[in-house]
Structures are given as structure tokens and as C-alpha cells.
Amino acid sequence: MSKGKAVCIAYGKKRIGVATGSLEMKIAFAKEVFENNGMEKVVSRVIKLVSESGADLLVLGYPLNMEEGQKNLMMKEVEKFEESLRNA
């Protein structure tokens with residue numbers, strides 16, 4: 001997949017960061033940050049963002065331990081979010 005659009009998500013307990021980008025150019029730019037008001041609302045908003053942008057790909061950031069490259073405590077939250085997106 002070399003052409004199209006991507007929506008990139010940085011999931012946080014307090015806020016969600018969103019970037020959009022071009023798969024062809026392999027670059028993304030910050031779009032917005034919004035408050036995490038609960039899983040259901042966040043999932044709904046992300047689905048709406050993907051739909052409105054016409055994105056071909058959704059990228060979800062995985063917070064790994066920088067020194068060891070292993071999962072950290074926040075990773076469990078991100079995995080729950082991923083599962084909620086898959087089930088939406």
C-alpha cells in the first residue's frame with residue numbers, strides 16, 4: 001500500500017493525539033488533540049475521524065520501554081483501546 005491516507009493515533013489516559021498523513025510521502029502531520037472522555041466516546045470519535053478523512057490505514061502508536069523495547073504499563077491501556085476499535 002503505497003498510496004492513500006493514514007490516520008495516526010497516540011492513545012493516552014488523559015488525551016488522544018491525532019495525526020494524518022500520506023502513505024505515498026511517508027509523512028504525517030499533527031491534526032488535533034482531544035480529551036479522553038471514556039473508551040466508547042474515544043472509539044466513536046476515532047472511527048468518525050477515519051471515515052471523514054477517507055483514510056486507507058489506521059496507525060496506532062505502541063508505547064514501548066525506550067531502553068529495552070519491552071511493553072510498559074500504558075501498553076495494556078493501548079491494547080484495550082485496540083480491541084475496542086476492532087470490535088466497533
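In this predicted model, helix α2 buries Met 74, Met 75, Val 78, Phe 81, Glu 82 and Leu 85. Viewed along the axis of α2, these buried residues all fall within an arc of 120 degrees, so they line one face of the helix. The other side of α2 has a different character: Leu 73, Lys 76 and Asn 87 are exposed there. As for what the buried residues meet, they pack against β1, α1 (39-53) and β4 (57-60).

The length of α2 can be checked with simple arithmetic. The helix covers residues 73-87, which makes 15 residues, and at 1.5 Å a residue it should span 21 Å; the C-alpha atoms at its two ends are 23 Å apart, and this agrees with the expectation.

Attention can now turn to the strands. Strand β1 (residues 5-11) and strand β2 (residues 15-22) run antiparallel and are joined by seven bridges. Within this pairing, Ala 6 of the chain stands opposite Gly 21 in β2. The two strands form a hairpin, with three residues between β1 and β2. Strand β2 also pairs in the antiparallel sense with strand β3 (residues 27-35), this time over eight bridges. Here Val 18 has Glu 32 in β3 as its bridge partner. A second hairpin results from β2 and β3, with four residues between them, and Lys 26 in this turn has a positive phi of about 55 degrees. A useful rule to keep in mind when looking at such strands is that, in a regular strand, the side chains alternate between the two faces of the sheet.

Charged side chains add another layer to the picture, and the count of salt bridges comes to four. One of them involves Glu 32, the residue already met as the bridge partner of Val 18. The side chain of Glu 32 meets that of Arg 45 at 2.6 Å, N to O. Because Glu 32 lies in strand β3 and Arg 45 in helix α1, the pair ties together parts that are 13 residues apart in sequence. Glu 32 is partly exposed, with a relative accessible area of 22%, and Arg 45 also counts as partly exposed, at 38% relative accessibility.

Two further salt bridges lie within helices. In helix α1, the side chains of Glu 52 and Lys 48 meet at 3.9 Å, N to O. Glu 52 and Lys 48 are four residues apart in α1, which means that about one helical turn separates them. Glu 52 is exposed, with a relative accessible area of 58%, and Lys 48 is exposed as well, at 52%.

In helix α2, Arg 86 forms a salt bridge with Glu 82, and their closest N and O atoms are 2.9 Å apart. This pair, too, is four residues apart, so Arg 86 and Glu 82 are separated by about one helical turn of α2. The two partners differ in their surroundings: Arg 86 counts as exposed at 61% relative accessibility, whereas Glu 82 is among the buried residues of α2.

Finally, strand β4 contains Val 59. This residue counts as partly exposed, with 34% relative accessibility. Leaving aside residues up to four places away in sequence, Val 59 touches Val 7, Cys 8 and Ile 9. By contrast, 20 Å separates the C-alpha atoms of Val 59 and Leu 73, which are 14 residues apart along the chain.

Terms used: Residues numbered from 1 in each chain as written. Predicted model: local features only at pLDDT ≥ 70, side-chain atom pairs only at ≥ 80, totals over all residues. Heavy atoms only, no water. Pairing = 2+ DSSP bridges. Expected span 1.5 Å × (residues − 1). Buried < 20%, exposed > 50% of the residue type's maximum accessible area, 1.4 Å probe, protein only. Arc of directions from axis to C-beta. Contact = heavy atoms within 4.5 Å.
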